[in-house]
Amino acid sequence: MTTPWEDWNHILKIDPDKDLPEGVTYGDLCATGTDAVEVGGTMGITEENMSAVIEACAEHDVALYQEPSSPDVVVEDDALDGYLIPTVFNAGSPFWITGAHKEWVRLDTELDWERTATEAYIVMNPDADVATYTEADCDLSAEDVASYAEVAERMFGQEIVYLEYSGTFGDPSIVEAAAEATDESTLFYGGGIDGYDSAFRMATHADVIVVGNLAHEAGVDAVRDTVEAANDA
Ligand SMILES: CC(C)=CCC/C(C)=C/CC/C(C)=C/CC/C(C)=C/COP(=O)(O)OP(=O)(O)O
Ligand SMILES: O=P(O)(O)OC[C@@H](O)CO
Ligand SMILES: [Mg+2]
């Protein structure tokens, strides 16, 4: 797969299980200037609600990726630029590191590897659904996080390291430590970005910031402000 994320600053993550704010359309969100739309979430995800959002976004001129939370929700659609498959480095069970992946590869014998890449997640918010779901060990120091990031890059050749604070704003010094520990990998940061300032703060350390809940809770202008901050930083 090509590595377009090397040129990205901002990702908008749309959760197919969540509504959009009154009067906001998928088209409005696709037109915020974000570098890519990633469709994914943890709970309440089905092939049907994934397909609906992917179809709605496919009509618009934006890079479009699916981030499946399990093999059974993967949508085969030519409109997708690719699949970003999570692997959770600090998961409590190997199922979320390589197990689900093994099942996926076993079931689908004609996987589209050209359009498939992995994201090496480090899950940091113990209260997020993704932490409960994967039984992640979120009790990590900056040194632990930096070491996971280095392992992901140097030992597992991961092109994307994803520091995931989903639902809460993370510790900038930990994001900085992860940034210093990675060289080749692209560092994604996601969690609690709610406007220009929080976006700018994390974008000074991470290569790419991911904005999720804001798209479902605020208006298009708030999302556009985070795109501006990501590009300014
Ligand atoms: C092998 C395949 C195809 C899939 C398995 C992929 C894995 C390991 C998934 C486990 C991690 C996971 C659930 C990732 C989904 C993306 C994500 C972290 C979404 C954000 O989740 P939250 O914000 O916690 O959830 P909600 O917003 O849905 O509550
Ligand atoms: O929803 P928020 O808190 O913006 O987090 C974004 C993303 O990292 C979630 O996977
Ligand atoms: Mg979320």
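I began with Asn213, which sits in helix 8, where helices are DSSP runs of H or I with at least four residues and strands are runs of E with at least two, numbered from the N terminus. Asn213 counts as partly exposed because 17 other C-beta atoms lie within 10 Å of its own; the scale calls a residue buried at 20 or more such atoms, exposed at 12 or fewer, and partly exposed in between, with C-beta atoms placed from the backbone.

Before going on, I noted that this is a predicted model, in which local features need pLDDT of at least 70 and side-chain atom pairs count only at pLDDT 80 or more, while totals for chains, interfaces and linings use all residues. Residues are numbered from 1 along each chain as its sequence is written, and chains are lettered from A and ligands numbered from 1 in the order in which they are written.

**Entry: the whole chain**

I looked up the secondary structure of the protein chain and found nine helices and eight strands. The radius of gyration, taken over C-alpha atoms, is 16 Å, which agrees with the value near 17 Å for a compact globule of 233 residues; that rule is 2.2 Å times the number of residues to the power 0.38. Along the principal axes, the C-alpha atoms fill a box of roughly 45 × 45 × 30 Å. Buried residues make up 44% of the 233 residues. I then looked at contacts, meaning pairs of residues whose C-beta atoms, placed from the backbone, lie within 7 Å: of those with a separation of 6 or more, 71% join residues 24 or more positions apart.

**Entry: the neighbour of Asn213**

Gly212 lies in the loop between strand 8 (208-211) and helix 8 (213-217), and Gly212 is buried, since 23 other C-beta atoms lie within 10 Å. Leaving aside neighbours within four places in sequence, I found Gly212 in contact with Lys13, Asp15, Ser166 and Gly190. UniProt, in an unreviewed entry, gives the feature "binding site" at ten positions that include Lys13, Tyr162, Ser166, Gly212 and Asn213; such annotations may be inferred rather than shown by experiment, and feature names are shortened, with positions in the numbering used here.

**Entry: ligand 2**

Which residues come nearest to ligand 2? Of the 13 residues around it, counting those whose C-beta atom, placed from the backbone, lies within 6 Å, the nearest are Ser166, Gly190, Val210, Gly212 and Asn213. Strand 8 and helix 8 each supply at least two residues of this shell. By class, I read four nonpolar, seven polar and two charged residues, where Ala, Val, Leu, Ile, Met, Phe, Trp, Tyr, Cys and Pro count as nonpolar, Asp, Glu, Lys and Arg as charged, and the others, Gly among them, as polar.

**Entry: strand 7**

Gly190 led me to strand 7 (residues 186-190), which is largely enclosed by the rest of the structure because five of its five residues are buried. Both faces are covered, with Thr186, Phe188 and Gly190 on one side and Leu187 and Tyr189 on the other. In a regular strand the side chains alternate between the two faces of the sheet. Strand 6 (residues 160-164) runs parallel to strand 7 and is joined to it by five bridges, pairing being called when DSSP finds at least two bridges. Tyr162 stands opposite Phe188 in strand 7.

**Entry: Asp15 and Thr42**

The unreviewed UniProt entry also places a "binding site" at Asp15 and Thr42. They span 28 residues in sequence, yet their C-alpha atoms are no more than 8.4 Å apart, so they gather at one spot. Asp15 is in the loop between strand 1 (10-14) and helix 1 (26-30) and is buried, with 20 C-beta neighbours inside 10 Å. Thr42 is in the loop between strand 2 (36-39) and helix 2 (47-58) and is partly exposed, with 18 other C-beta atoms within 10 Å. Not counting residues up to four places away in sequence, Asp15 touches Gly41, Gly212 and His216, whereas Thr42 is in contact with Ser69, Asp129, Val130 and Tyr133.

**Entry: ligand 1**

Thr42 is also one of the residues that come nearest to ligand 1, together with Gly41, Ser69, Val130 and Ser166, out of 28 around it. Strand 4 (82-88), helix 3 (99-107) and helix 4 (129-134) are the elements that give two or more residues to this shell. I read its classes as 13 nonpolar, ten polar and five charged residues.

Definitions and conventions. Contact = placed C-beta atoms within 7 Å.
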